[in-house]
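Colleague: I would like a close look at one strand and the loops on either side of it. Please set the scene with the whole chain, then walk me along that stretch.

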Amino acid sequence: VEAKDLGKAIRKELQNYAKVEKKILNEAVKQATKEAVKELKTTSPKKTGDYAGSWRSKTEKKTTGDSSTIYAGNGEYRLTHLLEKGHAKRGGGRVSAIPHIKKVEQKAIKKLEEEVVKG
């Protein structure tokens, strides 16, 4: 590479590097999300099984990288806060919390970080 073309060559290599890193990050997000949904389905409270089976994910493609959202579908989203944090009973008293989302969230964050560093 000649001196006058050095800037272009460096820019091209940095763009290629960014593409590779973006691909690694997107794959790590996809894998961490998939594992988190699977774990939520198995570890969520199961009175009828509707709540535990309602976990879904949605991925949005963005220019900066993919973004995933994990949510409880089929109207079961109303229960997430009540089960995770506990709630007051109708006639007084409280229902104990059943923390299940926070544990999976922390595990997914750790998994994502490991995959990105390993990538």
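Modeller: The protein has three helices and four strands. Their order along the sequence is α-β-β-α-β-β-α. Bear in mind that this is a predicted model.

Overall dimensions come next. The C-alpha trace spans about 80 × 20 × 20 Å along its principal axes. The radius of gyration is 21 Å, whereas a compact globule of 119 residues would have one near 14 Å. Of the 119 residues, 23% count as buried. The accessible surface comes to about 9100 Å², and carbon and sulfur atoms hold 55% of that surface. Among contacts with a separation of 6 or more, 43% are between residues 24 or more positions apart. On charge, there are 28 positive and 16 negative side chains. The centres of those two sets lie 6 Å apart.

Now the part you asked for. The strand is β2, residues 67–72. We can start in the loop ahead of β2. Asp-66 sits there, between β1 (55–60) and β2. Is Asp-66 buried or exposed? Asp-66 counts as buried, because its relative accessibility is 17% and the cut-off for buried is under 20%. The side chain of Asp-66 makes a polar contact of 3.3 Å with the side chain of Lys-61. Lys-61 also appears among the residues that Asp-66 touches beyond four places in sequence. The others in that list are Asn-26, Val-29, Thr-59 and Glu-60. Asn-26 and Val-29 fall within the range of helix α1, residues 6–43. Thr-59 and Glu-60 fall within the range of β1.

Step into the strand itself. Thr-69 lies in β2. Thr-69 is partly exposed, because its relative accessible area is 40%. Leaving aside neighbours within four places, Thr-69 is in contact with Arg-56, Ser-57 and Lys-58. The C-alpha of Thr-69 is 15 Å from that of Lys-41, which is 28 residues away along the chain.

Ala-72 is also in β2. What makes Ala-72 count as buried? Its relative accessibility is 6%, and under 20% is called buried. Beyond four places in sequence, Ala-72 touches Tyr-51, Ser-54, Trp-55, Tyr-77 and Thr-80. Tyr-77 and Thr-80 belong to the residue range of α2, 77–85. Arg-56, a contact of Thr-69, has its C-alpha 6.0 Å from that of Ala-72. Ala-72 and Arg-56 are 16 residues apart in sequence.

Past the strand comes the loop between β2 and α2, and Asn-74 is in that loop. Asn-74 is exposed, because its relative accessible area is 62%. The backbone at Asn-74 deserves a look too. Its phi is positive, at about 55 degrees, although Asn-74 is not a glycine.

One more residue, away from the strand, ties in the chain end. Val-20 is found in helix α1. Val-20 is partly exposed, with a relative accessible area of 47%. Its C-alpha is 9.6 Å from that of Gly-119, and the two are 99 residues apart along the chain.

To recap the stretch: Asp-66 in the loop ahead of β2 is buried. Thr-69 in β2 is partly exposed. Ala-72, also in β2, is buried. Asn-74, in the loop between β2 and α2, is exposed.

Notes:
Residues are numbered from 1 along each chain as its sequence is written. This is a predicted model: local features need pLDDT of at least 70, side-chain atom pairs count only at pLDDT 80 or more; totals for chains, interfaces and linings use all residues. Side-chain values use heavy atoms; hydrogens and water are left out. Helices (H or I, at least four residues) and strands (E, at least two) are DSSP runs, numbered from the N terminus. Buried means under 20% relative accessible area, exposed over 50%, partly exposed in between (1.4 Å probe, protein chains only). Contact means heavy atoms within 4.5 Å. A polar contact is a pair of N or O atoms within 3.5 Å; within protein, one must be able to donate a hydrogen and the other to accept it, and residues adjacent in sequence count only if both atoms are side-chain atoms. The radius of gyration is taken over C-alpha atoms; the globule rule is 2.2 Å times the number of residues to the power 0.38. Accessible areas come from the Shrake-Rupley method with a 1.4 Å probe; for residues, only the protein chains shown count as cover. Lys and Arg count as positive and Asp and Glu as negative; His and the chain ends are not counted. The place of a charge is taken as NZ of Lys, CZ of Arg, CG of Asp or CD of Glu.
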